Amino acid sequence: MFPFIFDWVSDPVHYVFMGSVYTVLISLVIILHYCAIRAFLDVICKKGKGDHNHD
C-alpha cells in the first residue's frame, strides 16, 4: 500500500487513493493545530481579565 513496501503497484488508482488519503490527513492535522493554537491563545488572553460572571 505504501511505496516503501514491496507489494506496491504503480498504477494511477493507487496514486489517486494515496494522494487523497494524505490530503485528508494533512488537512486534519492543520485544522487540529489551528484549533489548539486558538484555544491556547484564548486561555492566555482571558487569564488576566478576571471576568468570572456567574449569573
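The following exercises, with worked solutions, concern a predicted model of a protein chain.

**Exercise 1.** Determine how many helices and strands the protein chain contains, and place I30 within them.

*Solution.* Begin with the count: the protein chain has one helix and zero strands. Next, locate the residue: helix α1 spans residues 12-47, and I30 lies in this helix.

**Exercise 2.** Classify I30 as buried or exposed, and identify the surface patch to which I30 belongs.

*Solution.* The relative accessible area of I30 is 54%. The cut-off for an exposed residue is over 50%; I30 is therefore exposed. I30 forms a nonpolar surface patch with Y22, V24, L25, I26 and L28. Together, the residues of this patch have about 570 Å² of accessible area.

**Exercise 3.** State what share of the protein chain is buried, and what area the chain exposes.

*Solution.* Of the 55 residues, 4% count as buried. The chain exposes about 5,300 Å², and 72% of that area is supplied by carbon and sulfur atoms.

**Exercise 4.** Give the number of disulfides in the structure, and classify C35 and C45 by accessibility.

*Solution.* A disulfide covalently joins the sulfur atoms of two cysteines. The structure holds zero disulfides. C35 has a relative accessibility of 44% and so counts as partly exposed. For C45 the value is 51%, so C45 counts as exposed.

Terms used
Residues numbered from 1 in each chain as written. Predicted model: local features only at pLDDT ≥ 70, side-chain atom pairs only at ≥ 80, totals over all residues. Heavy atoms only, no water. Patch = residues over 30% accessible without salt bridge, like charges linked within 9 Å, V, L, I, M, F, W, Y side chains within 5 Å. Areas by Shrake-Rupley, 256 points an atom, 1.4 Å probe, with all protein chains shown as cover. Salt bridge = Lys/Arg side-chain N within 4 Å of Asp/Glu carboxyl O. Helix = DSSP H or I, 4+ residues; strand = E, 2+ residues; numbered from the N terminus. Buried < 20%, exposed > 50% of the residue type's maximum accessible area, 1.4 Å probe, protein only. Disulfide = S-S within 2.5 Å.
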